[in-house]
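User: Please take a close look at the salt bridges in this model. Follow their partners outward into the packing around them.

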Amino acid sequence: MRWRYVLHVIGALVACVGLTMVLPLAWGLYYHDGTAAPLAMSMGITVALGGIAFLVFRDRSHKASIMTHREGMAIVALGWFAAGAFGGLPFYLGGTFGSVVDCVFESLSGFSTTGSSVLADIEAVPRGLLFWRSLTHWLGGMGIIVLSLAILPFLGVGGMQLYKAEVPGPSPDKLKPRIKDTAMTLWKVYVLFSALETVLLMFGGMDLFEALCHTFGTMATGGFSTRNASVAGFDSAYIDYVITVFMLIAGVNFSLHYLVLKWKPSAMLKDPEFRVFAGMVLVFVVILTITVYVAGNYDNLADSVRYTSFQVASILTTTGFATADYELWPGLAQAILLFCMFVGGCAGSTGGGMKVMRIMLLFKQSYQELFRLIHPRSVSHVKMGRTVVKDDVISGVWGFAFLWVGLLVLAAFVVAATGVDVVTSFAASLACIGNIGPGIGGVGPTDNFAWMPDAAKWVLTFCMVLGRLEIYTVIILFVPEFWRK
C-alpha cells in the first residue's frame, strides 16, 4: 500500500469537495442569512488542506499513475469518510447543529444519500447551509469519485479501480472504452434529468432554491427537504407526481437511461431487472392503494393512489421523502414498505438497499437448488435474461447478502446497547445501512435522529458509508490480509 499515493489522491478529492462549497456560498450571499462567513471559512480550510495533501504526497516516479486494486478501494473508502468530515465543517462553523457528531452525521447522511437527519426544525436553518446539505446529496448520488474521474485527468489511469469500488451494483457498466468517458457520460445523463426536474418543479410553484434542493434529493435518492413536513409541506398533487416519476427514474440503472437517450428504448424494456422493478412498483401501488382506501385512511381513490404511489417510489428507491405518515397505515401496507426497504433500487442507480438484481439472483439460485433436488443429474444455470450468470458472481451475491444482513443485525445490537429500544435500533440500522433515511418506531417519517445517544449516531454514520459503498469496499479495510504483501 503506497500511502503517499493514497493521501495524494484523497487530497485532490477533498479539494474538489471544498470547491463545490462556492455554490452554497453564493446562496448565502444572496439571502444575507449569515452563512457566507462559515461557508467561506469551510471552503478555504477544505481546499487548503486538500491541496497541501495533494502537493506534499505527490509521487513523481514512473509508478505514480499505476493504481492497484487495493489502493483503489482504500482511496474510495477513506475518501468518503474524509468528504464527510470536511463536509460537516459548514454545519459546525455555522453553529446550527452544535456537536461534532451531529455535523458529521448530517454530512455523511448527505453524501451517502441516506437522508437521515438530526434536525428538528429544518425551516429554522439558514438557506446557505440548507443548500449545502442538499448539494451533498447530489454530489454523493452519482459519486464523488465518478465526478473526479470525469473532471480530473490525472485519475484517468487506474480509474477503473475507483469506479468498481464505488459504483453501486454487482457489475458496473462500462459504457465507453475509457473510464473517464464513462464517468462523464453518466454525469451528463444525471445533469440532464436534474435540470428537467428542476424546471418541472418550478412550474408547480416552487422557487429556484427549493426546486434545486428537492431535485438534488430526488435524483440522488437522498430525501433531504427544505420543509419540516418534507414534500407534504407543499400540499400539491402536481409536485407529488413529478417527484414520484423522477424518484423512479433515479431508481433505474443509469446505463439504461443513456441507451434510451441514444434512441434505443427497447434496451430498457428487454432488461430483466427493470421489468421486475417496474412490476414490483405496479403491484405494490395497487395493493397499498386498495389497503389504505378500504381501511379509510383517505376519503377517495385518487388520494389513495397519490400517497401510496409516492411512498412506494420513495421507499423502494430509498429516497426517503414523505407525504404521509405510513405508520398510521394498516399493517399490510407497513409490511410491504418494510420489504421495499430491503430491496432498494436497481443496480447502477443512485438507490440504496440490496438492489433488485441481487434479490433476483438470490431467488433464482434458491430455485435452482430446489430444482437440483428433484433432478439431481440435470445441468442448469442461473440466467439473467438470456445471459448465464457466472458462479463467482453468484458467490459474490451470497457473500454480500450475508454480510449485509449480518452487519445490519450487529449494528442493531450495538445501537440497542446504547439504550435505544429494540424496534427503533433495528429500524435505524436498516434505514442507514440501506441508505433509506426514515424508518419505523422512534425514527419514523415524522421523527428524526437528534434524540439518539452520540455512540449510536457514530455507529449509524459508519453504517451509511457501508451501505453506500456496497459493504465490501469498507469492510475489506478490516481484513488483515488486505494489508499484507
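Analyst: A salt bridge here is a side-chain nitrogen of Lys or Arg within 4 Å of a carboxyl oxygen of Asp or Glu. By that rule, the structure holds 10 salt bridges. The model is predicted, and every value below is computed from it.

Start with K457 and D102. Their side chains meet in a salt bridge, at 2.6 Å from N to O. K457 sits in helix α21 and D102 in helix α6, so the link spans distant parts of the chain, 355 residues apart. Are the partners buried or exposed? K457 and D102 are both buried.

Now the helices that carry them. Helix α6 covers residues 100-111, and helix α21 covers residues 454-468. Their axes come within 9 Å and cross at roughly 20°. Angles under 35 degrees count as roughly parallel, so α6 and α21 are roughly parallel to each other. The crossing is left-handed. Which residues make the contact? On the α6 side they are V101, D102, V104, F105, L108, S109 and F111. On the α21 side they are D454, K457, W458, L460, T461, M464, V465 and R468. This contact divides into 9 nonpolar, 2 polar and 4 charged residues. D102 and K457 are thus part of the helix contact as well as salt-bridge partners.

Next, D207 and R127. These residues form a salt bridge, with the closest N and O atoms 3.7 Å apart. D207 is in the loop between α10 (179-203) and α11 (208-219), while R127 is in helix α7. The pair links distant parts of the chain, 80 residues apart. Partly exposed means a relative accessible area between the 20% and 50% cut-offs. D207 counts as partly exposed, at 33% relative accessibility. R127 also counts as partly exposed, at 26%.

R127 leads into another helix pair. Helix α2 (residues 22-31) and helix α7 (residues 127-142) have axes that come within 8 Å and cross at roughly 155°. That angle makes α2 roughly antiparallel to α7. The crossing of these helices is right-handed. L23, P24, W27, G28 and Y31 of α2 meet R127, G128, F131, W132 and L135 of α7. The contact residues divide into 7 nonpolar, 2 polar and 1 charged. R127 therefore appears in this contact and counts as charged.

Back to the end of α21, and the loop that comes after. E470 and K355 form a salt bridge, their closest N and O atoms being 3.1 Å apart. E470 lies in the loop between α21 and α22 (472-475), and K355 in the loop between α17 (331-343) and α18 (356-374), so the pair ties together parts 115 residues apart in sequence. E470 is buried, and so is K355.

Salt bridges can also share partners. Those that do so here join D235, D240 and R306 into one network. Where is R306? R306 lies in helix α16 (residues 301-316). R306 is buried, with a relative accessible area of 10%. Leaving out residues up to four places away in sequence, R306 touches D235, S236, A237, D240 and Y241. D235 and D240 are thus contacts of R306 and members of the network.

The loops on either side of α21 hold one more feature: backbone angles. Most residues other than glycine have a negative phi. I471 is in the loop between α21 and α22, the loop that also holds E470. Phi of I471 is near 65°, a positive value in a residue other than glycine. I471 is buried, at 0% relative accessible area. N435 is in the loop between α20 (422-433) and α21. Phi of N435 is near 55°, again positive in a non-glycine residue. N435 is buried too, with a relative accessible area of 2%.

For contrast, take a lysine in another setting. K390 lies in the loop between β2 (387-388) and α19 (391-417). K390 is exposed, with a relative accessible area of 60%, whereas K457 is buried and K355 is buried.

Terms used: Residues are numbered from 1 along each chain as its sequence is written. This is a predicted model: local features need pLDDT of at least 70, side-chain atom pairs count only at pLDDT 80 or more; totals for chains, interfaces and linings use all residues. Side-chain values use heavy atoms; hydrogens and water are left out. Axes are lines fitted to C-alpha atoms, for helices over the stretch in contact, and angles run from 0 to 180 degrees between N-to-C directions. Helices (H or I, at least four residues) and strands (E, at least two) are DSSP runs, numbered from the N terminus. Angles under 35 degrees count as roughly parallel, over 145 as roughly antiparallel, 65 to 115 as roughly perpendicular and the rest as oblique. A crossing is left-handed if the near helix is turned anticlockwise from the far one by less than a right angle, and right-handed if clockwise. Contact means heavy atoms within 4.5 Å. Buried means under 20% relative accessible area, exposed over 50%, partly exposed in between (1.4 Å probe, protein chains only).
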